[in-house]
Amino acid sequence: MKLNIEGLLVYFPYDYIYPEQYSYMLELKRTLDAKGHGVLEMPSGTGKTISLLSLIIAYQRAFPLEVTKLIYCSRTVPEIEKVIEELRKLMEFYSKETGESNNFLALALSSRKNLCIHPEVSSLRFGKEVDGKCHSLTASYIRAQRHSNPNLPVCRFYEEFDAVGRQVPLPPGVYNLDDLKDFGRRKGWCPYYLARYSILHANIVVYSYHYLLDPKIADLVSKELAKKSVVVFDEAHNIDNVCIDSMSVNITRRTLDRCQNNVDTLQNTIHKIKETDAAKLREEYRRLVEGLKEANVARETDIYLANPVLPDEILQEAVPGTIRTAEHFVGFLRRFLEYLKSRLRVQHVVQESAPQFLKDIFDKVCIDRKPLRFCAERLQSLLRTLEIADIADFSAVTLISNFATLVSTYSQGFTIIIEPFEDRTPTIANPVLHFSCMDPSIAIKPVFQRFQSVIITSGTLSPLDIYPRILDFRPVTMASFTMTLARTCLCPLIVGRGNDQVALSSKFETREDFAVIRNYGNLLLEMSAIVPDGIVAFFTSYVYMENIVASWYEQGILENIQRNKLIFIETQDAAETSMALEKYQEACENGRGAILLSVARGKVSEGIDFVHHFGRAVIMFGVPYVYTQSRILKARLEYLRDQFQIRENDFLTFDAMRHAAQCVGRAIRGKTDYGLMIFADKRYARADKRGKLPRWIQEHINDGSLNLTVDEAVQLAKHFLRQMAQPFRQEDQLGLSLLTLEQLQSEEMLQKITQIAHQT
Amino acid sequence: MASLSEEVLLVVKKVRQRKQDGTLYLMAERIAWGPEGKDRFTVSHLYADIRCQKISPDGKAKVQLQLVLHTGESTTFHFANESSALKDREAAKELLQQLLPKFKKKANKELEEKNRMLQEDPVLFQLYKDLVVSQVISAEEFWANRLGGVNNTDPTLFNNKQEVGISGAFLADIRPQTDGCNGLRYNLTADIIESIFRTYPAVKQKYSENVPHNLTEKEFWTRFFQSHYFHRDRINTGTQDIFSECAKQDEKGLKSLVVQGVKNPLVDLLSLEDKTLDEGYGVSTTQPSTSNANRTVKESSNYAIIKRFNHHSAMVLAAGSRKGETPADQASETSSTDGNSRDSDFFQPPVKKVKLQEAIEYEDLQRENRPKTVALNLKKSDRYAHGPVPLQSQQYTTSQDIINSVNYIRHEMANYKPNLTQVVSSTAASSAIVALSPGGVLMQAGAQQAINQMVPSEVQGELKHLYVAAGELLRHFWSCFPVNTPFLEEKVINITFIGVNDYCHLC
């Protein structure tokens, strides 16, 4: 249908529309009009992606000079591919309606592992190996060497792309990862470099967060993207953690040992080169003296990891004299390494700020701040000069030099914690240096500054106001949308007591309590008897789940559950868990029914959807608080309190509730879907917890279902499931939660729609 | 001997039954016993009728074998040959063990059918209790003309019966019982053994390797239940345990499953993340390290449990879906999937495309163009949701009926003219009054209704049962005619006898 969103003609590739989609597009348009940033929360399964795409593309077509590019960031590879498929649908609709093929270019970009078509390289299992191997085939000096020695291995796909691929732009169209590979195979071009090259002139780019947020990658990939772009972060409820992760470094004794080896290798290589090709080193030195970093435009294939600091922080000066010659730099690295080793020989926990660390390193080994800042840059130059093919081996020394650059660049927002042993095993020495970022706004700041509109959206962003605070930006729109429902297809229940009136809670004091564990078991058992097909249960942590499972096994609860359904359990091994997941789905599919025991914050809770019969009930055992004894977390909480005036408890609760909401939200993926959401902890009944759930869940929790016993919950669940099992047709929804164009245009409906968006 | 036409599989002499010496014969279809010196069997059971065999514990003085029939009766044989009693018994037991399961299938199916019929039909069940349990007629006679459908089913239908999956909890169903002296007893049925074999092919292999050459069957299962393998929480360390190899094989199977990877890219957690952080970056190191060295015993046993559960569920699932595939098929299948994984690009897209399309589809936003199906139309969905409610007694006359009849009577009355010459005589009138007053002849109907309420419901129920039972007996009685076999004659006499004794007070 064709919509009129405040004067903008929007093509929407469906015959019907949800009211909240219309409302979402309205808000989105206002954000784009104001050229500002927005925070929008809309329940999962209400067609967020297609609304976003429809509106932004319509906007791009209407105002090609205002918005030149859409950068759509998602979290996982399947999500990225889903976005592209939705986009394809939209584009097909466009060409059908307008009768002309439009010249939009849209493509997905992913790592080499997902795009490589080189028969040997692509067969490698891990992304790192693929990257390293690719580098060893395509780096410029390798290719230069090949002129003298044609027997060296070659990647013909890259050569072909380099020869002709750049002249011919990628023809307009929608390219998913597989399409790029197909295209690459047909033409004999490398799809990865083709995609990286094409994102510069593409109208729509879909890729992962890291390409914008991780400075090490962003500098390589996204540096030249146009300023007049709209950036969308989908599934952004964890964006602060992504930011923090990309800027944090951990150094263990093992890292240092490997680093030592790397430095030795460097030393040897330098000696060797000195004897054979001293001119090369002299050339490098000359370059560094002149500060001709810019002049030496590194070929795209050479840069393995760019500078870990953000673009505007990178100095435009020459590398300082103390580390200019190769030997000096290696000596410098050695000193730095020895210093770090000495710091790891601690008996007690040390916590200090970056300036403290810099002062200490100056006092002890006379290393200045300035050469430290150039460490990462200098190492890259050296690795390039030495023509080291297998860069993957040098990850340890790269890590150390990145750390050096980071610690000397940022004086605020980071903390250094050195722990001599793990808290759980105080007898085993395992010293770790955590250099941890506490301020997510550092990594995302350049994004907000550079692009004219940044949209942060997800199914669960409550409470909305906390994101602008922790990411330190000023949105022009903040809105939370409810899900209009013709039938209440979600049923949140808070189970606070067992049948024996024992209070259920995962809080620390009662964690080992057998009565609680037994009651949790009973809840699962009873639910397994009444819920059809799949049940997913989430625990607060892996250790907690292990203990409960063992305890249930001893008490024979698992045996009884097995009478009703098969049991699959998430493990810490991703491959094993994937298999369990697939078997789980198979068991749901063939009617046997299954239970998946899983962990909040785990991979399953973040990336896997349990649509329809794959998840008819989600049980959240306990409140998934983060492990609060961690010093890194404590430091971060302190920082949040001092810098952003966010109280510790508020943040912890917010964090726990967003994960709980994520977990239970996995089961509902649309209006035709239905599912039970069981919160098995009495603490959920409190207003401060409940109030932090997304509005679309909160509004279905009534006072009667706040502190249920297991039996009561079972009764309510039975009733709910029977009602939901009734046929649900389109006619039931029409006019309420599903609109035709005529219905949408009625005055009364437009009135109603304005109430869907809940502004804060 | 009567058994000449049958194949005799085993003859055991000096077997006592009811304190009488005799010979035990195991034949192709039945087991029989005849007292010494006589050439007819006093005991004969078809294998299909035997539910199970029980043997006396090894230490006991008497070496016995008991057969329990489906009807609940049992026959005990005492092996009395002093020198070889135990050996004889073992021989009989072994043979029975092989024979019984063959007949079991059929028997089970019949039994199941009978059970189902009894459960579904309370009247039939009552009848069964009245006639069979109280031994008025035998079970065979009772079922003879009811189970026509079961026995006469099309053989092709019988072969195509749906494969029954395995209960996920079959291991849990083997509840150990304490035998009172520090021991545990596990009761294994053929079904459970089959489940174990189907789910854990490794155990089956062990079984065929070791039984009966190295171990007796009993020893095998004893070891199985003692093994670390069965108790999943223990870590297998003992190498002398024959099942440790099974555990290893399982481990291997699990590994190969894991290595094979998953077909659905949407659940592949390994390729979920686009760009994982390199080692050393990130803050999420609060998780305890997973290396085995750092694990405590408890932790690794917990881990073992979790792994076992995953494996068990996967195996149960696989056993259910194998559907009698030959191993060769499987092998070729796995090899072809191996081929897949090597060059996954050629095979992946279709599955992936389909899954992606499924994931982005909003069925309610599109116009429906599926073929119309007939929806279940519930008139009162409340009743569906809440279960049946006893029906209230209803007045069947509508108000319209009442109005009509009132009008009719009014009309009649308006036209009524007393015809005084035809009035009844006074005696007739007074007798009519007597008859119509309470206790009179014509008021009997009211009194009879009272009986309906006066008699307690148990008595009514019993009466009903008696009536039905008598009806059934009569049916049997009449079905005996014409009496042309001695068996039927006996039956007629029997029924007549019972009928006269038990049921004549009804008449």
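## Starting at a short strand in chain B

Let's begin with one residue: L184(B) sits in strand β9 of chain B, which covers residues 184-185. Keep in mind as you look around that this is a predicted model. Is L184(B) buried or exposed? With a relative accessible area of 53%, L184(B) counts as exposed. If you look for F225(B), you'll find it 41 residues away along the chain, with 9.8 Å between the two C-alpha atoms.

Another spot to visit in this chain is V8(B), part of strand β1, which spans residues 8-17 of chain B. V8(B) is partly exposed, at a relative accessible area of 34%. Its C-alpha atom is 16 Å from that of K93(B), and the two residues are 85 apart along the chain.

## Chain B as a whole

Now zoom out. Chain B has 19 helices and 9 strands. It is 507 residues long, and 31% of those residues count as buried. About 34000 Å² of chain B is exposed, and carbon and sulfur atoms supply 54% of that area.

How much of the contact network links residues that are well separated in the sequence? Taking the contacts in chain B with a separation of 6 or more, 47% are between residues 24 or more positions apart.

## A four-stranded sheet in chain A

Over in chain A, there's an open sheet of 4 strands, in the order β9-β12-β11-β10, and the pairing is antiparallel. At the edges are β9 (249-252) and β10 (350-352) of chain A, each of which pairs on one side only. On average, and ignoring direction, neighbouring strands here are turned by 10° against each other. Lying on this sheet is helix α14 of chain A (residues 326-344), which touches β9, β10, β11 (414-421) and β12 of chain A. The direction of α14 makes about 115° with that of β12(A).

Here's how the strands are stitched together. As a bit of background, strands of a sheet pair through backbone hydrogen bonds, either parallel or antiparallel. Between β9(A) and β12(A) (residues 429-437) there are 4 bridges, and one pair to look for is N250(A) with its bridge partner H434(A) in β12(A). Next, β12(A) and β11(A) run antiparallel and are joined by 7 bridges; here E419(A) has V432(A) in β12(A) as its bridge partner. Finally, 3 antiparallel bridges connect β11(A) with β10(A), where Q351(A) is partnered by I417(A) of β11(A). What about the cover over β11(A)? Because 7 of its 8 residues are buried, β11(A) is largely enclosed by the rest of the structure.

## A seven-stranded sheet in chain A

Chain A also has an open sheet of 7 strands, this time with parallel pairing, in the order β17-β18-β16-β19-β20-β15-β21. The edge strands are β17 (566-569) and β21 (708-709) of chain A, and each pairs on one side only. Helix α30 of chain A, residues 710-724, packs on this sheet and touches β15, β20 and β21 of chain A. Its direction makes about 170° with that of β15(A).

For a closer look at the pairing, try β15 (residues 490-497) and β20 (residues 675-680) of chain A, which run parallel and share 5 bridges. Within that pair, P492(A) has M677(A) in β20(A) as its bridge partner.

## A covered helix

Another helix to pick out is α27 of chain A, with 18 residues (648-665). From its first C-alpha to its last it reaches 25 Å, close to the 26 Å expected at 1.5 Å a residue. How many of its residues are buried? For α27(A) the count is 15 of 18, making the helix mostly covered.

## Cysteines without partners

How many disulfides does the structure hold? Across all chains, the number is 0. Take C190(A): the closest cysteine sulfur, in C155(A), is 5.8 Å from its own, and that's too far for a bond. C190(A) counts as buried, with 9% relative accessibility.

C375(A) tells a similar story. Its closest cysteine sulfur belongs to C259(A) and is 9.3 Å away, so the two are too far apart for a bond. With 0% relative accessibility, C375(A) also counts as buried.

Key. Residues numbered from 1 in each chain as written. Chains lettered and ligands numbered in written order. Predicted model: local features only at pLDDT ≥ 70, side-chain atom pairs only at ≥ 80, totals over all residues. Heavy atoms only, no water. Helix = DSSP H or I, 4+ residues; strand = E, 2+ residues; numbered from the N terminus. Buried < 20%, exposed > 50% of the residue type's maximum accessible area, 1.4 Å probe, protein only. Contact = heavy atoms within 4.5 Å. Areas by Shrake-Rupley, 256 points an atom, 1.4 Å probe, with all protein chains shown as cover. Pairing = 2+ DSSP bridges. Axes fitted to C-alpha atoms, helices over the stretch in contact; angles between N-to-C directions. Disulfide = S-S within 2.5 Å. Expected span 1.5 Å × (residues − 1).
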